[in-house]
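Me: Hey, I've got a new model open and could use a hand reading it. Can we go through it together, residue by residue where it helps?

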Amino acid sequence: EIDFRTTILKDFEPNVAFLVNFHNIWLPDCYYFEPLYAQLSVDCQENQLVQFVSIEINKFPSLAKDVQVNLAPEASSKLPCIALFIQGKEIRRMPVLDDNDNDDAKNTKVSALDKSTLAHFFELNVKPEHLTYRDKIKPKSKKKQKESKSRAKKRK
């Protein structure tokens, strides 16, 4: 939980996006989705802008609340939940959270999708210069870079 908050939400790399798989391993949909997610990360190794992270969210209820992942049993159909974070902010999520979003995406079961659909939705197969969210990837200020380096040294 601390690593997620620090690495993805605070000390993020300025030119890196994080694709996070929030799951409960005891849910069949999450269990069967995990190998597909792992294979997707292998297939996208060339894309240096995206790092893949998998978090067993039921172990971190306060983090679940912060990132708006519902852990209630009746909400288990919304897991796994895949979210794209850039510079500490969530850019995209599937299934989507907002009622104003596309109903198909809102009701989509991630575990029912294939690699190419996920890659397309999160633009994993797009050249970096053509990303629709590229404008959201901006360099950190020099002050932020120094703070990140100092925190990294303290952790060592």
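Me: Let's start with His 23: buried or exposed?
Reply: His 23 is buried, with a relative accessible area of 6%. Buried means under 20% relative accessible area, exposed over 50%, and partly exposed in between, with a 1.4 Å probe and protein chains only.

Me: Before we go on, how were these values obtained?
Reply: This is a predicted model, in which local features need pLDDT of at least 70 and side-chain atom pairs count only at pLDDT 80 or more, while totals for chains, interfaces and linings use all residues. Residues are numbered from 1 along each chain as its sequence is written, and side-chain values use heavy atoms, with hydrogens and water left out.

Me: Thanks! Where does His 23 sit, and what does it touch?
Reply: His 23 is in strand S1, residues 17-23. Helices (H or I, at least four residues) and strands (E, at least two) are DSSP runs, numbered from the N terminus. Not counting residues up to four places away in sequence, His 23 touches Cys 30, Glu 34, Ser 54, Ile 55, Glu 56, Ile 57, Asn 58 and Pro 80. Contact here means heavy atoms within 4.5 Å. A polar atom of the His 23 side chain also lies 3.4 Å from the backbone oxygen of Asn 21.

Me: You mentioned Pro 80. What is the peptide bond before it like?
Reply: The bond from Leu 79 to Pro 80 is cis, with omega near 0 degrees. Pro 80 lies in the loop between helix H3 (61-66) and S3. Another cis peptide bond joins Met 94 and Pro 95, with omega about -5 degrees, and Pro 95 lies in the loop between S4 and helix H4 (103-106). For context, most peptide bonds are trans.

Me: And which residues have a positive phi?
Reply: Gln 68 is one of them, with phi near 60 degrees, and its place is in the loop between H3 and S3. Glu 123 also has a positive phi, about 60 degrees, although it is not a glycine. Glu 123 lies in the loop between helix H5 (115-121) and helix H6 (142-155), and it counts as buried because its relative accessibility is 7%.

Me: OK, zooming out. How many helices and strands are there?
Reply: The protein has six helices and four strands. Along the sequence the pattern reads α-β-α-β-α-β-β-α-α-α. Of the 156 residues, 38% are buried.

Me: How do S3 and S4 pair?
Reply: S3 (residues 81-86) and S4 (residues 89-94) pair in the antiparallel sense over five bridges. Two strands pair if DSSP finds at least two bridges between them. Their hairpin has two residues between the strands, and Gln 87 there takes a positive phi near 50 degrees. Ala 83 has Arg 93 in S4 as its bridge partner.

Me: Why does Arg 93 count as buried?
Reply: Arg 93 counts as buried because its relative accessibility is 5%.

Me: So what does its side chain reach?
Reply: The Arg 93 side chain reaches the backbone oxygen of Val 67 at 2.3 Å. A polar atom of that side chain lies 3.1 Å from the backbone oxygen of Gln 68. Leaving aside neighbours within four places in sequence, the contacts of Arg 93 include Val 69, Cys 81, Phe 121 and Phe 122.

Me: Switching topic: what about Asp 43?
Reply: Asp 43 is in helix H2, residues 28-43, and counts as partly exposed at 44% relative accessibility. Its side chain makes a polar contact with the side chain of Lys 115 at 2.9 Å. A polar contact is a pair of N or O atoms within 3.5 Å; within protein, one must be able to donate a hydrogen and the other to accept it, and residues adjacent in sequence count only if both atoms are side-chain atoms. The C-alpha atoms of Asp 43 and Ala 119 are separated by 9.7 Å, though the two are 76 residues apart along the chain.

Me: And Asn 15, where is that?
Reply: Asn 15 is in the loop between helix H1 (2-10) and S1. Asn 15 is partly exposed, with a relative accessible area of 40%. C-alpha to C-alpha, Asn 15 and Val 50 are 8.9 Å apart, with their positions 35 residues apart in sequence.
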